[in-house]
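Visitor: Pick one part of this model and take me through it slowly, please. I'd like a quick sense of the whole chain, then one strand and whatever sits around it.

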Amino acid sequence: MGGSAVVVGGGIGGLAAAIGLRLVGWEVTVVERAAVLADVGAGISLHANGIRALNALGVDIGAAARPQYTGGTRAPDGRRLARMDGAALERELGTPIVGIPRADLHRLLRAALPAECLVMGAEVTSVDRGGAGRVRVPVGDGVREADVVVAADGVNSGLRAQVFPHHPGPAYSGSTVVRAITERPVELDTDFDLTWGGGAEFGHIAFVDGRAEWHAVYNAPAGVRHEDALAEMRRRFGGWHDPIPTLLEATRPDAVLHHDIHELVTPLPAFAAGRIALLGDAAHAMTPHLGQGACQALEDAAVLAAALAAEPTVEAALSRYDAERRPRSQSVARAARRAGRMGQHLAHPLAVAVRDTALRLAPSRATVRTVLRHADWRPPRLG
Ligand SMILES: Cc1cc2nc3c(=O)[nH]c(=O)nc-3n(C[C@H](O)[C@H](O)[C@H](O)COP(=O)(O)OP(=O)(O)OC[C@H]3O[C@@H](n4cnc5c(N)ncnc54)[C@H](O)[C@@H]3O)c2cc1C
């Protein structure tokens, strides 16, 4: 089946959806409210499932992504609690986890789309679902009609609120995140690491050019901001093991981003309503504790395109999309929340000691198994 789609939101999910839909012969317009298309954030880890979805969409991130062969979990004094065997993951899945600057991933996705299918600086807050026919989308001063609208407008999705007015929307996870990319290359012993303290974690992801992203996630009331976030990170984490002080030292204060982490605790009853499909964080915003949010958005994009290509009607395609995507992504979201509760959120010293001991005693295969549980997914064929 061919047709036309309006994708609301030009984040990782929206761009990937547009690429997938074009691959299966649909006409696509992406409407993004920002004047300039970019991804706010530092770096991102992609697991095999996200990389496979990208491959199915024809997007090769190879040279821009750094494989994570070495790293794992540490305690603030530097003791290693667990190792992640990237080579073992590669043997199982064909790829280890990789790290990439978000701006690079976004650039590669954008490059796979012709400029004329992007409408920038236009906000879509609601759509006219009218009768059984096409959906009318107000864009700027005009209206576009489409067979399908893809709501890829992120965690605070306005279209989700329109489609599910009784859903409570996203909730604060209890954690806030401060992150940045270093200004210059940093000498690091590992491709990535995650250090768990009480109610806080500090991680890094190394990039191909030797720079690295770091992120500090910690328990805090919603909305708290620091006058000088970098100075606050030095105060909180400057006494933790190397290379944490080095990473902070190599960062410019104006490169630091601070966001509260929200998630959809109440799962959506459906990822589609009429001719509107919800995708990415709009459908299943999750905490970052498994590094799976964007990977799930990429899976959504591949599955949505395959369903629209294979099914005879939009209704049948969106019903298939919902059936294939909702159980899996909502189960990954639950697992991410659990991972946060058992890891970064734990603040009581006794609970922290038990967690750390359990990690140290776990067989090295256990960390690989945790990744495999969610990363071993295969995309449908497109085109
Ligand atoms: C700290 C942190 C670390 C993370 N790390 C990882 C990781 O390592 N690996 C991983 O896979 N995932 C990770 N994630 C999750 C990942 O970032 C998200 O799941 C992913 O970016 C969601 O993409 P999206 O396109 O659905 O939403 P977004 O990226 O939020 O994009 C939504 C877009 O819609 C636009 N928009 C919003 N409203 C409108 C409107 N009304 N009209 C037009 N446009 C609109 C916005 O401007 C934006 O461009 C992390 C998340 C956080 C917070």
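## A close look at strand S12

Guide: Of the 383 residues in the protein chain, buried ones make up 48%. Keep in mind that this is a predicted model. The chain has 12 helices and 18 strands, and its C-alpha atoms fill a box of roughly 60 × 45 × 40 Å along the principal axes. A compact globule with 383 residues would have a radius of gyration near 21 Å, and the chain agrees with that at 21 Å. Look at the contacts with a separation of 6 or more: 75% of them join residues 24 or more positions apart. You'll see some of that long-range wiring as we go.

So much for the whole; the part I'd pick is strand S12, residues 171–181. Is it enclosed or open to the outside? It's largely enclosed by the rest of the structure, because 8 of its 11 residues are buried.

Now for the sheet that S12 belongs to. It's an open one of 7 strands with mixed pairing, and reading across it you go S6-S5-S13-S14-S15-S12-S16. At the edges stand S6 (80–83) and S16 (257–263), each pairing on one side only. The twist averages 20° from one strand to the next. As a reminder, strands of a sheet pair through backbone hydrogen bonds, either parallel or antiparallel.

S12 has a partner on either side in that order. With S15 it pairs in the antiparallel sense over 7 bridges, and one place to check this is Val178, which stands opposite Ala216 in S15. With S16 the pairing is antiparallel too, over 6 bridges; there, Arg179 has Leu257 in S16 as its bridge partner. If you're following the side chains along S12, remember that in a regular strand they alternate between the two faces of the sheet.

Staying on S15 for a moment, find Glu213, which sits in that strand. Is Glu213 buried or exposed? With 25 other C-beta atoms within 10 Å, it's buried, since the cut-off is 20 or more. Beyond its neighbours within four places in sequence, Glu213 is in contact with Arg179, Ala180 and Ile181, and also with Ala42, Gly43, His204 and Ile205. Arg179, Ala180 and Ile181 fall in the residue range of S12, so you're back at our strand, and because a contact requires C-beta atoms within 7 Å, the reach is short. For a longer jump along the chain, take Gly41: it's 172 residues from Glu213 in sequence, yet their C-alpha atoms are 9.5 Å apart.

Walk off the end of S15 (212–219) and you enter the loop that leads to helix H6 (229–237), where His226 is found. His226 is partly exposed, with 15 other C-beta atoms within 10 Å. Its C-alpha atom lies 8.9 Å from that of His258, 32 residues away along the chain. The number 258 falls within S16, the other partner of S12.

Carry on past H6 and there's a backbone oddity in the loop before helix H7 (244–249), where Pro243 sits. A cis peptide bond joins Asp242 to Pro243, with omega about 10°. For context, most peptide bonds are trans.

Back in the sheet, head for the S6 edge. S5 (72–74) and S6 pair in the antiparallel sense over 3 bridges, and Gly72 has Arg83 in S6 as its bridge partner.

That's the sheet holding S12; there's also an open sheet of 6 strands, ordered S8-S2-S1-S11-S18-S17, again with mixed pairing. S8 (118–120) and S17 (272–273) are at its edges with a single partner strand each, so one side of each has no neighbour in the sheet. Inside it, S1 (4–8) and S11 (148–151) run parallel over 4 bridges, with Ala5 bridged to Val148 in S11.

S2 (27–32), from that sheet, also gives residues to the shell around the ligand. The shell has 34 residues, and the closest are Gly9, Gly11, Gly154, Gly280 and Gly293. Helix H9 (293–310) is among the contributing elements, and its 4 residues are the largest share. By class, the shell has 14 nonpolar, 15 polar and 5 charged residues.

Definitions and conventions: Residues numbered from 1 in each chain as written. Predicted model: local features only at pLDDT ≥ 70, side-chain atom pairs only at ≥ 80, totals over all residues. Near = placed C-beta within 6 Å. Helix = DSSP H or I, 4+ residues; strand = E, 2+ residues; numbered from the N terminus. Nonpolar A, V, L, I, M, F, W, Y, C, P; charged D, E, K, R; others polar. Pairing = 2+ DSSP bridges. Axes fitted to C-alpha atoms, helices over the stretch in contact; angles between N-to-C directions. Rg over C-alpha atoms; globule rule 2.2 N^0.38 Å. Buried ≥ 20, exposed ≤ 12 C-beta atoms within 10 Å, placed from the backbone. Contact = placed C-beta atoms within 7 Å.
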